[in-house]
Structure formats: structure tokens, C-alpha cells
4 protein chains.
Amino acid sequence: MGIDFLPDKPIYQQLIDRITGAIIRGTLQPGEKLPSVREYAVEAGVNANTMQRVYKELEQMEITETRRGQGSFVTGDEARIAMLRDEMKEQLVTSFLQNVEAFGFTTAEIVEHLQKRGDKR
Amino acid sequence: MGIDFLPDKPIYQQLIDRITGAIIRGTLQPGEKLPSVREYAVEAGVNANTMQRVYKELEQMEITETRRGQGSFVTGDEARIAMLRDEMKEQLVTSFLQNVEAFGFTTAEIVEHLQKRGDKR
Amino acid sequence: MGIDFLPDKPIYQQLIDRITGAIIRGTLQPGEKLPSVREYAVEAGVNANTMQRVYKELEQMEITETRRGQGSFVTGDEARIAMLRDEMKEQLVTSFLQNVEAFGFTTAEIVEHLQKRGDKR
Amino acid sequence: MGIDFLPDKPIYQQLIDRITGAIIRGTLQPGEKLPSVREYAVEAGVNANTMQRVYKELEQMEITETRRGQGSFVTGDEARIAMLRDEMKEQLVTSFLQNVEAFGFTTAEIVEHLQKRGDKR
DNA sequence: GTGGTCTAGACCACT
DNA sequence: GTGGTCTAGACCACG
């Protein structure tokens with residue numbers, strides 16, 4: 001109980017990423033109920049307001065739905081989830097490539113390094 | 001005049017990255033003199049305090065040296081630069097892989113996407 | 001079975017509006033019996049407590065009467081219904097005009113838009 | 001000093017509407033600087049966090065831009081503002097018509113009432 | 001018991 | 001001095 005958060009990224013952002021990841025991965029299924037704000041807050045070891053903000057942003061991203069008095073649910077719209085997956089991948093790769101270029105590496109060089117590292121796991 | 005900065009990364013950090021990149025790439029040669037704080041601040045369109053901080057941090061990373069009354073210079077220590085290059089690459093790839101895993105993508109899938117994107121430019 | 005509710009207005013309020021509308025429109029006649037709380041709750045797909053609250057508020061507005069053991073009935077007082085109709089219209093228009101002004105639109109501009117939209121249906 | 005807020009609408013929402021209205025109306029010009037979060041909070045008589053939330057949502061709506069350490073500014077993109085104006089009008093009219101129909105009034109009847117009221121001002 | 005709003009106040013990052 | 005994050009805790013609206 002209690003999640004380890006990185007120091008240089010907002011906690012609420014890390015929580016959003018974590019939940020988004022679980023949905024993309026299928027750990028959280030379409031239509032599945034999320035823990036209540038308060039439950040999750042305790043589990044993650046953060047303040048309930050922080051968790052509330054997380055859920056609110058997830059809803060604005062249209063990847064969860066909130067039903068008053070009933071809780072939050074993963075969207076049932078599987079196409080939306082598939083789209084989200086692509087968006088995340090795109091975004092991940094784009095910002096990575098921006099950095100790669102900013103530092104003057106070639107894509108080939110990086111991919112090589114990447115595969116070496118990826119294989120070891 | 002004026003650099004385009006990304007909105008969600010500190011400006012001073014982006015400037016550090018930019019200069020570091022130029023050194024790694026060789027655009028800035030070992031021992032070469034950097035522009036003065038004021039010059040560079042004007043050129044980049046940022047506050048002089050911000051630029052001052054950038055130079056200070058570069059010096060702490062030991063990739064530039066400040067000679068009193070003469071300005072800042074890229075370190076002449078080429079081994080240090082080569083090391084820096086490797087550090088940056090390592091760090092870039094590591095944090096990327098962390099994200100890739102966090103979101104449940106496979107390295108293979110990402111590399112494929114990466115190559116598609118990298119080729120087009 | 002099951003009514004589509006707007007997400008940002010209380011369900012009980014939407015139900016009150018819906019029944020009030022039916023009475024104003026004459027779909028529900030003066031003196032006519034309303035469905036039982038349970039029946040209507042099932043039909044609308046809401047919690048019975050919610051429906052209970054709806055009926056209670058309708059009675060407080062004096063547009064329905066509850067006869068013990070027999071159920072709820074639309075008031076027989078037709079003058080009351082006519083008055084209700086005017087009240088609703090007044091209230092609707094007033095709050096609309098408040099918004100129109102708050103956002104700096106002119107009444108003429110809005111009416112024009114309104115007629116365009118109203119005609120198409 | 002201190003704004004009068006309606007009791008049945010979130011304060012932060014009313015503040016968003018108020019600022020949006022000022023922008024649409026031109027009271028706040030494109031590119032103009034908004035008061036700082038703290039200043040406005042004092043002026044409106046609300047907590048600084050509430051105001052912060054308001055500014056954040058305005059930014060998400062892309063009608064203001066935040067520059068770190070410098071404050072918030074109305075977007076300079078006039079097309080965006082024009083679009084916003086249309087969106088607001090559309091939304092206002094749509095929700096109004098929904099209510100009109102829900103209560104069984106005809107558009108003609110309402111427009112007539114609206115013009116009578118609008119003329120008196 | 002659920003989510004939503006608001007306040008109060010601390011502390012940090014950035015320019 | 002600016003915006004951004006986080007905590008703590010109260011109170012309300014809803015089902």
C-alpha cells in the first residue's frame with residue numbers, strides 16, 4: 001500500500017499515466033468499475049483531492065465515465081481505447097525523437113542501443 | 001531571434017539541452033568560446049537571469065569552464081565530452097523504456113513505429 | 001425502458017421537469033393518476049429513492065396530490081396548472097436572458113439564431 | 001470588491017463564464033494580460049486555489065495562455081475567440097430549446113415572450 | 001457511500 | 001512575484 005512516485009513529475013500526472021496504462025494494457029477492462037476516489041486515495045497513499053483531480057482529468061480525456069453516486073467506470077467505447085493506445089504510442093515516440101534530434105543522435109544509433117537494452121529483459 | 005520553447009519543460013532546461021546537444025554534435029567544438037550570457041539571452045529571447053542559470057549548471061556538469069573576465073568555454077577535455085555523449089544516450093533510452101513499459105507496449109512494437117517515423121525525415 | 005438523462009443536471013430534477021412538462025402539455029390530464037413510485041422507477045431505470053424524492057417535490061409544488069393508499073394524482077385545479085405553465089415560461093425566459101446578457105449577446109441576435117434553429121425541426 | 005455568486009452553480013464555473021463573457025464581449029482584448037491568480041482571487045473574494053482552477057480550465061479551453069512566471073494572457077488567436085463566441089451562442093440556444101421542448105412550449109410562443117421582455121430594456 | 005466544491009495554507013519551480 | 005502542486009479537512013448533492 002502506497003505507490004512510489006518519481007520526484008520530478010506531478011503525482012496526479014503519474015497516477016493518470018498509471019491508470020491509462022492499465023486501461024491500454026487491458027488490466028482494466030472496458031466498462032470496469034474503478035475504485036472509489038477515497039479507496040484509491042488510501043491505497044495510493046495520496047490525498048483524496050489529488051485522486052479526485054486524477055479521476056476528473058481521466059473523464060475529460062473521455063477514457064472514463066463518472067456516474068453520480070455510483071463511481072467511475074472505464075469507458076465502454078473500445079474504439080476510444082484503441083485510439084488512446086495509438087495516441088499514447090505516437091506521443092511517446094514523438095517526444096522521444098525530439099530529444100534524440102535535439103542531442104544530435106541518429107535514429108539508427110538509438111534504435112541499436114534500444115534493441116540491445118530491450119533484449120536483456 | 002527568439003527560440004521556440006516547448007510549453008511543459010522548463011526553459012532553462014531546454015537551453016541546457018540545446019547547448020549540450022551542440023557540444024555532443026560537435027557544432028560547438030572543445031575549447032570554443034560560448035556567447036556571453038547577455039548576448040545569448042537576447043538571441044534566445046529569455047531573461048538574463050535564466051541564461052545565467054543555464055551557464056552555471058553547464059559548469060557544474062563540467063562541460064563548460066568559466067574564465068574570469070573572459071567568458072565561458074566548452075571544456076577542452078574530449079574524453080569528458082565522449083562520456084557525456086554516452087551518458088545522455090543511456091539516460092534518454094532508459095527513461096524512454098520506462099515509459100514504454102509503464103504503458104504496456106512491447107519494445108519490438110515501439111521500435112517498428114520508431115523506424116517508420118525516423119525514416120520519413 | 002430507461003430514460004436518457006443529461007449528465008450535468010440532477011436526475012431527480014430532470015424527472016420533475018419531465019412530469020411537469022407532461023402536465024403542462026396536457027399529456028397528463030388534471031386528476032389523472034400517476035404510476036406508482038416503484039413502477040415509474042423501474043420504467044425510468046432509476047433508484048426508487050430517487051423517484052420517491054421526485055414525487056415528494058411535485059407534491060410540495062402543489063401540482064400533484066398524494067392520497068394515502070391510492071397513489072399520486074395530478075392536481076384537479078386547472079387554474080393552478082395554467083399558473084404553473086406561466087411560471088415555467090417566465091422562469092425559462094428569465095434565466096435564458098440572464099445568460100444572453102452575461103455573455104454579451106444582443107436579444108435580436110439570439111432570437112434570429114433561435115428562429116433558424118427552431119424552424120428546422 | 002467581492003462578486004455575488006449564484007447559489008446553485010459552482011463558483012469556479014461562474015468565474016469561467018464571467019471571464020469568457022468578457023473575452024467574447026471584447027472587454028478583455030486578445031493578448032491582454034489577466035490579473036494574477038492571487039490578485040483576482042482577492043478581488044473576487046474567493047480562495048486562490050479556486051481561481052487557479054478557473055485559469056487552468058480557461059487554458060484547457062484554449063482561450064487563454066499561461067506563460068510561466070509571467071501570468072495568464074487572453075489568446076491572441078482572434079479566430080479562436082470568434083469560434084468561441086459561436087460555440088457559446090450555439091450552446092446557449094441549444095440548451096434553451098431543449099428546455100422549451102421538454103416543457104411543451106412552442107418556439108413561436110417563446111420567441112414572442114422573449115421579444116416582449118427584451119424590448120423593455 | 002459516491003463524487004463535487006470550497007477553503008486554508010504550505011511549499012516548489014520558474015522568470 | 002508568477003503559476004503549479006499537494007495536503008487536510010469541511011460540507012454539500014446525489015442515488
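I looked up which element gives the most to the surface near DNA strand E, and found helix 3 of chain D, with 3 residues. Near means that a heavy atom of the residue lies within 4 Å of the strand. Helices are DSSP runs of H or I with at least four residues, strands are runs of E with at least two, and both are numbered from the N terminus.

I noted the ground rules. The model is predicted: local features need pLDDT of at least 70, side-chain atom pairs count only at pLDDT 80 or more, and totals for chains, interfaces and linings use all residues. Residues are numbered from 1 along each chain as its sequence is written, chains are lettered from A and ligands numbered from 1 in the order in which they are written, and side-chain values use heavy atoms, with hydrogens and water left out.

Next I checked the surroundings of DNA strand E. I found 23 residues around the strand, and Arg38(A), Pro10(B), Ile11(D), Asn49(D) and Thr50(D) are the closest. Of the strand's atoms within 4 Å of the protein, 65% belong to sugar and phosphate.

Then I looked for polar contacts (pairs of N or O atoms within 3.5 Å). Tyr12(D) has a polar side-chain atom 3.0 Å from a phosphate oxygen of DNA strand E. For Arg53(D), a polar side-chain atom is 3.2 Å from a phosphate oxygen of the strand. Ile11(B) uses a polar backbone atom, 3.5 Å from a phosphate oxygen.

Last, I compared copies. A turn of 179° and a shift of 0.3 Å along the axis lay chain A on chain B with an RMSD of 0.4 Å, superposed by least squares on C-alpha atoms of residues with pLDDT of at least 70 in both. The two copies are therefore related as by a two-fold rotation axis.

Notes: A polar contact is a pair of N or O atoms within 3.5 Å; within protein, one must be able to donate a hydrogen and the other to accept it, and residues adjacent in sequence count only if both atoms are side-chain atoms.
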